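Hello,

I am passing a structure on to you, together with some notes to help you find your way around. Please open it first and keep it beside you as you read.

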Amino acid sequence: MPYRISRLGTVEIRSLDLDRDLDYYVNVLGLQLTAREGRTAYLKGWDERHAYSLMLTEADRAGMVRLAFRTVDPEDMDYYENRLRKFSVKYDVIPEDYRRGRALRFTAPSGHVVELYNEMDYTGNVLPTVNPAPWPEGLKGIAPPRLDHTLVTAPEPPKAIQFFQEVLEFRVSEMLVNPEGVPIAAWLWQRPAPHDIAIVPGRAGGFHHAAFAVDSAEALFRAADILTMHKARIDYGPGRHGITRGTTIYFFDPSGNRLETFGGYTAYQMDPDCRAIKWTTDQIGPAVFYYSQELNETFLSVYT
Amino acid sequence: MAAAGPYAVTFSPFGDTVVCRRDEAVLTAILRSGARVVFGCRGGGCGTCKMRLISGQVEHGRCSVAVLSHQEKQAGSFLSCQARPLSDLTVELAAANGYRRRSPAYWPF
């Protein structure tokens, strides 16, 4: 089965105070601010080649507005439109958005607004395209290279997992299975990495976190130092997940949205023949937080 | 000029009191005292640290209306991670707040 989703392209997150939170996203998290249009700011990691990956929109609450996947090819838009029809999923065609072309917009059974798009302005990363250095000097904050994945909550995880598998053709890399054999959480991929999106039990439309990649243990610990220097609220870490093997820091933005620096450098590469790894719910502790071997008070209860 | 604190925050039904500066959140004062309560994002977004005022006044700070509505504020609820005291406070702690007194293990000398 060919893969048709190149990546989690964008997430739109709500901010209780855009000026305050932009200072955090630019100077502490260290994203590149690419534009600000009214109540929305557009940001991205330094190594991302399209116009933006994070939209931050001022609102009276925290949480996620929508998430969007970028398709590999323009034809994949037609392919998915046919699948949405085949599975009788109601969708809207969004003719264009800021620096982005046509999108298909629908609501997943998890309650999240999901979009598929292919065209977005290709701006390049911050390095030259001829004879580039390996990384840019003078970046502020943690400066993750890119958005990696998101984790969302669903009131009926099996339904949401099935939707992403059947309709959008994501594959399960790992899942958490209860004693009845029912998956209550799943990590789903198309890009050859452990996950583009994951689903855990919780409220409809809940936003658990968005993760930005860090590419070394040194970068992970440097991120922890920077968060602490700025008195950011660290939720967990630096640590490691049993699921995905990735290293991690969970922390919160000033509006209370959880973010992650995800060290995919310790994770595996997916192969088309990779089959799902199972974790049993009695081992949820090491599955989520490998070193402490138990859940903290926030993982399944605190999200926006 | 109004008094600038610090203010006493007393917990019902426990009777314990912590000192809270005018410019610090009630949650910050509780954690600094060595006591523990359940809290989450510390950004006013998740609502995990919600408590209820029995007496006194707070400045609510920036809170998501999805987790602290206007009506809840009127009824005395506040998010302890954001709320700053404007007077001495008496705060009701429910089971969900998971209050724990400062443990002797915290500083056993």
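Before the first distance, a word on terms: the domain bounds used here come from an automatic or database domain assignment. Please also keep in mind that this is a predicted model.

**The two domains of chain A**

Chain A is split into domain 1 (5-117) and domain 2 (147-288). Taken over C-alpha atoms, their centres are 18 Å apart. Where they meet, 30 residues of domain 1 of chain A are in contact with 31 residues of domain 2 of chain A. On the domain 1 side, the elements that give two or more residues to this contact are strand 1, helix 1, strand 5 (63-71) and helix 2 (75-86) of chain A. Strand 1 of chain A supplies the largest share of that side, with eight residues.

The largest nonpolar core is worth a look next. It has 104 residues, and those with the most contacts inside it are Leu54(A), Ala186(A), Leu188(A) and Ile199(A). Where does this core lie with respect to domain 1 and domain 2 of chain A? Both domains give residues to the core, so it lies between them. As general background, nonpolar side chains tend to be buried together in soluble globular proteins. To see one of the core residues in its setting, select Ile199(A): leaving out residues up to four places away in sequence, its contacts include Ser110(A), Val152(A), Pro157(A), Ile161(A) and Ala186(A).

**Helix 1 of chain A**

Helix 1 of chain A covers residues 18-27, and Leu18(A), Asp21(A), Tyr24(A) and Tyr25(A) are buried in it. Looking down the helix axis, you will find the buried residues within an arc of 125 degrees, so they line one face of helix 1 of chain A. In general, an α-helix has 3.6 residues a turn, so residues three or four places apart point the same way. Strand 1 (5-15), strand 3 (40-44) and strand 4 (54-58) of chain A are among the elements that cover these buried residues.

**The nine-stranded sheet**

Chain A also holds an open sheet of nine strands with mixed pairing, in the order 14-15-16-13-9-12-11-10-17. At its edges stand strand 14 (234-240) and strand 17 (277-280) of chain A; each has a single partner strand, so one side of each is left without a neighbour in the sheet. On average, and with direction ignored, neighbouring strands are turned by 20 degrees against each other.

Within the sheet, strand 9 (residues 147-154) and strand 12 (residues 197-201) of chain A pair in the parallel sense over five bridges. Here Thr153(A) is placed opposite Val200(A) of strand 12. Two helices of chain A pack on the sheet. Helix 3 (residues 157-166) touches strand 9, strand 10 (171-177), strand 11 (183-189) and strand 12, and its direction makes about 20 degrees with that of strand 11. Helix 4 (residues 217-229) touches strand 14, strand 15 (247-252) and strand 16 (258-263), and its direction makes about 20 degrees with that of strand 15.

One more residue to pick out is His209(A), in strand 13 (residues 207-213) of chain A. Is His209(A) buried or exposed? It has 24 other C-beta atoms within 10 Å, and 20 or more count as buried, so His209(A) is buried. Setting aside neighbours within four places in sequence, His209(A) contacts Thr150(A), Leu151(A), Tyr250(A), Arg258(A), Leu259(A) and Glu260(A).

**Chain B**

In chain B, start with strand 1 (residues 7-12), where the side chains alternate: Tyr7(B), Val9(B) and Phe11(B) point to one face and are buried, whereas Ala8(B), Thr10(B) and Ser12(B) point to the other and are not. Strand 1 and strand 2 (residues 17-20) of chain B pair in the antiparallel sense over four bridges, and Ala8(B) has Val19(B) as its bridge partner. These two strands form a hairpin with four residues between them, and Gly15(B) in the turn has a positive phi of about 85 degrees. Strand 1 of chain B also runs parallel to strand 7 (residues 89-92) of chain B, joined to it by four bridges; there Phe11(B) stands opposite Val91(B).

Last, find Ser64(B) in the loop between strand 4 (58-59) and helix 2 (70-74) of chain B. Ser64(B) is buried, with 25 other C-beta atoms within 10 Å. Not counting residues up to four places away in sequence, Ser64(B) touches Leu16(A), Arg61(A) and Ala62(A) in chain A, along with Gly44(B) and Gly45(B).

Best wishes

Note on methods:
Residues numbered from 1 in each chain as written. Chains lettered and ligands numbered in written order. Predicted model: local features only at pLDDT ≥ 70, side-chain atom pairs only at ≥ 80, totals over all residues. Core = buried A, V, L, I, M, F, W, Y, C linked by C-beta atoms within 7 Å. Buried ≥ 20, exposed ≤ 12 C-beta atoms within 10 Å, placed from the backbone. Contact = placed C-beta atoms within 7 Å. Arc of directions from axis to C-beta. Pairing = 2+ DSSP bridges. Axes fitted to C-alpha atoms, helices over the stretch in contact; angles between N-to-C directions.
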